[in-house]
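Notebook open, structure loaded. I'm jotting down what I look up as I go.

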Amino acid sequence: MLTIDAAILEAIVAHARRDHPDEACGIVAGPIGSDQPTRHIAMDNAERSPTFYRFDSMEQLRVWREMDDRDEEPVVIYHSHTATEAYPSRTDVGIAQLPEAHYLLVSTREPDTTEIRSYRIVDGVVTEEPVRVVNAGVDQHAVQSYMFGQSPAEVDYECPAGS
């Protein structure tokens, strides 16, 4: 299960919306071995593409060195899909290199709803996992606009945007 702070999730969604119609990408770092995402790092999509993302190699080197200096590791690797559901493509699976990371996908295909789903990708096998949002500070039963789910038709947890 991915447990993530609402403020970090909102920053990821804001980055995805800002970069739309291109895919957005970035990471959330956390203390080594903790599985706790604590520091959001929005990165540039070197491809500037609506269908593919790639970290800029110089930016990635700088970010990974910074994480090393801070005793951090990438806990979440995220990117957006601009026209499809939040499910890893074959390309996404092929470039997934960190089996311990959570791969968070954000679909920005709908202007009023943001679909967010998280996966573990190990040896080419994709396993969806629940997303638990903490510090949301909202009524969980209020009108919703974030959608978390096991499939687009089944919602496990929802959290209002902008709260």
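Lining of the largest cavity first: I get nine nonpolar residues, one polar and one charged. For that split, Ala, Val, Leu, Ile, Met, Phe, Trp, Tyr, Cys and Pro are nonpolar, Asp, Glu, Lys and Arg are charged, and the others, Gly among them, are polar. The lining residues are Y53, I77, Y78, H79, P88, D92, I95, Y103, L104, L105 and I121. Two or more of them come from each of β4 (72–81), α3 (90–95) and β5 (102–107). I take elements as DSSP runs numbered from the N terminus: helices are H or I with at least four residues, strands E with at least two.

A cavity here is a set of points on a 1 Å grid over the protein atoms alone where a 1.4 Å probe fits but cannot get out, and lining residues have an atom within 4 Å of a point. Points join across faces, edges and corners, and volume is the space filled by probe spheres set on them. I count two cavities of 30 Å³ or more, and the largest holds about 60 Å³.

Note to self: this is a predicted model, so local features need pLDDT of at least 70 and side-chain atom pairs 80 or more, while totals for chains, interfaces and linings use all residues. Numbering runs from 1 along each chain as its sequence is written, and side-chain values use heavy atoms, without hydrogens or water.

Next, S49, in the loop between β3 (39–43) and α2 (57–69). Its side chain reaches the backbone nitrogen of T51 at 3.0 Å. Beyond its neighbours within four places in sequence, S49 is in contact (heavy atoms within 4.5 Å) with D22 and E23.

Terms used
On a 1 Å grid over the protein atoms alone, a cavity is a set of points where a 1.4 Å probe fits but cannot get out, and a pocket is an open set with protein on both sides within 12 Å along at least five of seven lines; lining residues have an atom within 4 Å of a point. A polar contact is a pair of N or O atoms within 3.5 Å; within protein, one must be able to donate a hydrogen and the other to accept it, and residues adjacent in sequence count only if both atoms are side-chain atoms.
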